[in-house]
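Reader: I would like a close look at a single strand and its surroundings. Please give the cut-offs with the terms.

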Amino acid sequence: MCGIAGVSLKKGQHAKPEHLAPLAAALAHRGPDGEGFWYQSSVGLAHRRLSIIDVAGGKQPLTTPTHALVVNGELYNYKPLQAALRRAGAELQTDSDSEVALHLAVQHGLKAMPSHLQGMYALACAEADSGMLLLATDPFGIKPLYYCQTNVGLAFASEPAALAKAGWVRPQLNAAVLPMLLNRHYSVGSATLWQGLQRLLPGERLLVQHGEIVERWRQLPTLPAANPALNPADFPAQLEAAVARHLQADVPLGLLLSGGLDSSALAVMMRQLGTPVHAYTARIEVANGPNEADRAAALCQALGATHTVVPYTAEDFWPGLATLAAGLDDLTTDTAALPLFKLTARARQDVKILLSGEGGDETLAGYGHYRARQNFWKRLVAPFKARRQGDAAPFAALFRQPLATPPYQAAAWDDRGFTPLQRKQSTDLANWLPHDLLLKLDRTTMANGVEGRVPYLDDTLAAFSFALPDAAKVNADYGKLPLRQFLAAQGFDQPAWARKQGFSVGVGQFLQAKPQLLHGLWAQSAVLNDLLQPTAAAKLLGNLRHNKTANLATSLTLLALWEAHHLRGTPLAELQERLGGSAW
């Protein structure tokens, strides 16, 4: 896991250190273990390294006489690829998982190389003689990549703020994204909140030459239609193989354990595989809020696991708002990211990898709107229902302009013969998962120099889980039946059949303590002044006890802080101090 960046300049120009050094410096938090650069005519690559596999020898960029490569992520099928490449005569110089991608590009060409990879990745591979540059992300969009095009050429980086800090674009707001952000808590598609900065979509590939995109295509996940021949009893073996692949590392690793079903099953499987479990759980200190920390503690006691509980209080919340807005430069206002920053900061004292349960709900149909016991009319309109949409809708009168939100992007998988349940899953896999859940996991872990891994999005396990017959995944009362049955078979009935609580930070209780602080912050925001009617702030701040009002107020606060830090250049420490003191 690392930070990558680079340039493809217009014909006749040459990549130089001044093009790459500022990009690498802006990504230093993603790779505190070292940096490297490669230049060839108009193309340049930069890498900030977080050492995970082949700590001694895996420095990047990786090169041959004809190609150069930088990768952010992990390739979990690298060992069989290494063996195949050596049989074909390739001379690998390291034991790094990333080097296989370099030699696959040499053997099969830039365009064909990504189709051989299994794992999470954002990569850039350059062909020295032609100046052709490939940019690619994994099919699920686990690892991010952003780019901009200017009159100088094309520049790319793992985070959009790096491109702005390095001077490739002026920090300006793309207001067209605001309706999606305020209604859904995140945005979909290529456009970002930054004017002129685009994100690569999950599985997208760009071929770039002399600063121009010459070809663009996507590699969607291999997700088959429901297969009645699949046996749910094979799920534990599939899970075991996926977790084993995600445990490949030369550094200590741990687990983000919420106490819910997905992370509990990972803890049990890690123990079965003989891996010591060091689990990290956030305890949200709010009155009467849902909290699964006690479940997590009971599971760890039963497994003999090391368990670190990290309390999250009002003292963390206020400066943490600024930390979140600064770290989530591609902004999502999902408040579950707030305690994750503190949790990963604590985990970094012990480990460099954290396994996470993200992807379990989407691949195994865990959300409530997947289940069969629904009102008839809800079933009729549910297949493409947008998740987390509508937070701003009840407050339309408070905004100067209507916040019309475009519909979710279809997953482009409809021609595979999916069931209605699978269409719901594929919509969430294409939208909610990469642009909210995986984005916040990437930023909260990488801000602290930690790698986040998601075994449920293992290529093979995800395909198997998705293709299970609908009845094997959900019934009228429960989703994720294969996970529940696995845990129950291991004697863990409590997490197996417990109701899903979700992860609530209880922001309303925190916000009610300092409404005047919020009012002052909002008043200084040019973005919010353009958005809100003059009386809107008072109406919202006077009604923070209601969840929808509190969620919208949090979104507006994060947007104001994002503007202050990323557009106006206010230092993070100054924002934290204004909100109540420095963060953890």
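Author: What follows goes from the whole protein to one sheet, then to strand β11 and its neighbours.

This is a predicted model, in which local features need pLDDT of at least 70 and side-chain atom pairs count only at pLDDT 80 or more, while totals for chains, interfaces and linings use all residues. Residues are numbered from 1 along each chain as its sequence is written, and side-chain values use heavy atoms, with hydrogens and water left out.

The protein holds 24 helices and 17 strands; these are DSSP runs numbered from the N terminus, helices being H or I of at least four residues and strands E of at least two. Its radius of gyration, taken over C-alpha atoms, is 23 Å, close to the 25 Å from the globule rule (2.2 Å times the number of residues to the power 0.38) for 584 residues, so the protein is as compact as a globular protein of that length. The C-alpha trace spans about 65 × 55 × 45 Å along its principal axes. Of the 584 residues, 61% are buried, where buried means under 20% relative accessible area, exposed over 50% and partly exposed in between, with a 1.4 Å probe and protein chains only. Contact means heavy atoms within 4.5 Å; among contacts with a separation of 6 or more, 72% are between residues 24 or more positions apart.

Strand β11 belongs to an open sheet of six strands, ordered β4-β5-β6-β7-β11-β12, with antiparallel pairing. Two strands pair if DSSP finds at least two bridges between them. At the edges stand β4 (62-63) and β12 (212-218), each with a single partner strand, so one side of each has no neighbour in the sheet. Helix α3 (residues 99-108) packs on this sheet and touches β4, β5 (67-75) and β6 (119-127). The direction of α3 makes about 135° with that of β5; axes are lines fitted to C-alpha atoms, for helices over the stretch in contact, and angles run from 0 to 180 degrees between N-to-C directions.

Strand β11 covers residues 204-209 and is joined to β12 by six bridges, the two running antiparallel. Across this pairing, Leu206 stands opposite Arg216 and Val208 opposite Ile213. The hairpin of β11 and β12 has two residues between the strands, and His210 there takes a positive phi near 50°. On the β7 side, five bridges join β7 (residues 132-137) to β11, again antiparallel. Val208 of β11 is the bridge partner of Leu133.

Five of the six residues of β11 are buried, so the strand is largely enclosed by the rest of the structure. Glu204, which is found in β11, is buried with a relative accessible area of 3%. Neighbours within four places in sequence aside, Glu204 is in contact with Leu135, Ala136, Thr137, Arg199, Arg216, Trp217 and Arg218.
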